[in-house]
Amino acid sequence: MSTESSISKQIVELVKNQSWDIGTHLPAQMLADRLRVSRQPINTALAMLHEKGLLTRERNKGYFVGEGFDEQLGDIVQALGLEESDVVTSVYFRIADDLLRGELPQEFSEQLIKNRYSLTASQLNAVLSRIAKEGWAERKPGYGWTFSSMLLTPDSLLQSYRLRLALEPAALLEPGFRLDAQVLAQCRATEQYLLAGGIETATADELHNRGVRFHESLVEASGNAFFIDTIKRVNRVRRLLSYRSMRQRERYPEHCRQHLHILDLLERERNDEASAFMKQHLEYTLSSIAKIGDLLQP
């Protein structure tokens with residue numbers, strides 16, 4: 001799948017998952033921020049979706065959600081020819097499981113991965129690029145790759161939560177904290193979508209990314225660049241073990257309700273209470289993960 005098609009698919013999924021109404025404005029910068037890419041591929045993808053009839057366009061105003069979004073997500077994606085092969089995603093999770101089971105060496109060659117998982121050159125590049133971007137492997141100087149040693153024990157995920165427990169409540173108390181009303185509304189819509197059935201239907205990728213977006217949005221609102229950089233680094237490296245914890249999703253409805261309560265407090269500018277409740281929320285999550293430690297074992 002080309003970069004443009006991949007971004008187009010992500011925009012389609014975002015519009016559907018956020019339940020944005022027909023006529024909703026889709027600013028390129030907002031989409032670039034949400035999808036963490038530059039504006040250039042966003043603009044290309046928006047033009048492509050406009051050509052396909054999914055978006056409307058107004059001169060000097062930009063693109064808007066069109067009537068084509070009344071269709072089901074799967075039907076839209078398939079009709080646009082955006083259906084992505086499952087090969088790369090499937091191999092990604094196989095590598096993660098094999099690594100956590102101790103079946104892969106910490107240092108490895110591209111040829112080993114290519115042969116072990118029967119990948120084409122382009123598939124190999126896509127898988128390794130994703131793994132590198134998410135921070136649990138990096139290219140060695142000269143030749144070969146190495147997996148991050150901090151991700152190879154179940155306690156790594158718990159340690160990441162203990163770091164977040166120290167950071168995130170403090171971020172809500174920063175003097176410059178300001179949560180944009182549109183960001184708050186988007187966060188709330190996501191939690192409501194999950195409670196309405198999205199928890200059961202979301203992929204591990206989608207579920208993880210929605211949680212990451214919620215917490216990063218609040219930390220970004222602090223305006224503290226050190227907090228923001230740290231939380232993004234933590235979220236990148238905890239992704240691998242986080243996927244395993246999603247095999248049991250019974251705890252997620254309570255997570256969503258807690259997220260909504262935090263948003264309600266922040267909307268009323270009761271940041272002291274929101275900070276205290278964020279601490280409780282992360283402690284609850286930490287306790288929940290500790291109880292399912294067997295799922296994180298190799």
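This is a guided tour of the structure, moving from the whole chain to its cores, its strands, a pocket and two buried residues.

**Whole chain.** Begin with everything displayed, and keep in mind that this is a predicted model. Coloured by secondary structure, the protein chain shows 13 helices and 5 strands. Of its 298 residues, 48% are buried. If you draw a contact map and keep pairs at least 6 apart in sequence, 71% of the contacts join residues at least 24 apart.

**The largest nonpolar core.** Next select Ile 11, Leu 31, Ile 42, Leu 46 and Phe 69, which have the most contacts inside the largest nonpolar core, a set of 22 residues. Now add the elements α1 (3-17), α2, α3 (39-51) and β2 to the view, since each of them supplies at least two residues of this core. Centring on Leu 31 and leaving aside neighbours within four places in sequence, you will find this residue in contact with Ile 11, Leu 14, Leu 26, Arg 36, Ile 42 and Leu 46. Apart from this core lies another, of 20 residues, and selecting Tyr 161, Cys 187, Phe 214 and Leu 266 will show you some of its members.

**The hairpin.** Select residues 55-58 and 62-65, which are strands β1 and β2, paired in the antiparallel sense over 4 bridges. The two strands form a hairpin with 3 residues between them, and in the turn Asn 60 has a positive phi of about 65°. To locate one of the pairings, pick Glu 58, whose bridge partner in β2 is Gly 62.

**The open sheet.** Move on to the three strands that form an open sheet in the order β3-β5-β4, with antiparallel pairing. Here β3 (107-108) and β4 (137-139) stand at the edges, and because each has a single partner strand, one side of each is left without a neighbour in the sheet. Selecting residues 145-147 brings up β5, which is joined to β4 by 3 bridges and runs antiparallel to that strand. Within this part of the sheet, Glu 138 stands opposite Thr 146 in β5.

**The second largest pocket.** Select Arg 34, Val 183, Gln 186, Ser 217 and Glu 220, which lie nearest the centre of the second largest pocket, among the 20 residues that line it. The volume of this pocket is about 420 Å³. Show α2 (28-35), α9 (181-201) and α10 (204-220) as ribbons, as each supplies at least two residues of the lining; the helix that gives the most is α9, with 6 residues. Coloured by residue class, the lining divides into 6 nonpolar, 4 polar and 10 charged residues.

**Glu 216.** Stay with helix α10 and select Glu 216, which has its place there. Is this residue, Glu 216, buried or exposed? Its relative accessible area is 4%, so Glu 216 counts as buried, the cut-off being under 20%. Not counting residues up to four places away in sequence, Glu 216 touches Arg 36, Ile 231, Lys 232 and Asn 235.

**Leu 265.** For the last stop, select helix α12 (residues 252-267) and pick out Leu 265, which is buried, with a relative accessible area of 3%. Leaving aside neighbours within four places in sequence, Leu 265 is in contact with Arg 270, Glu 273, Ala 274 and Phe 277. A distance label drawn from C-alpha to C-alpha between Leu 265 and Phe 277 should read 9.2 Å, the two being 12 residues apart in sequence.

Definitions and conventions:
Residues are numbered from 1 along each chain as its sequence is written. This is a predicted model: local features need pLDDT of at least 70, side-chain atom pairs count only at pLDDT 80 or more; totals for chains, interfaces and linings use all residues. Side-chain values use heavy atoms; hydrogens and water are left out. On a 1 Å grid over the protein atoms alone, a cavity is a set of points where a 1.4 Å probe fits but cannot get out, and a pocket is an open set with protein on both sides within 12 Å along at least five of seven lines; lining residues have an atom within 4 Å of a point. Grid points are joined across faces, edges and corners, and a volume is the space filled by probe spheres set on the points. Ala, Val, Leu, Ile, Met, Phe, Trp, Tyr, Cys and Pro count as nonpolar, Asp, Glu, Lys and Arg as charged, and the others, Gly among them, as polar. Two strands pair if DSSP finds at least two bridges between them. Buried means under 20% relative accessible area, exposed over 50%, partly exposed in between (1.4 Å probe, protein chains only). Contact means heavy atoms within 4.5 Å. A nonpolar core is a set of buried Ala, Val, Leu, Ile, Met, Phe, Trp, Tyr and Cys residues joined through side-chain atoms within 4.5 Å.
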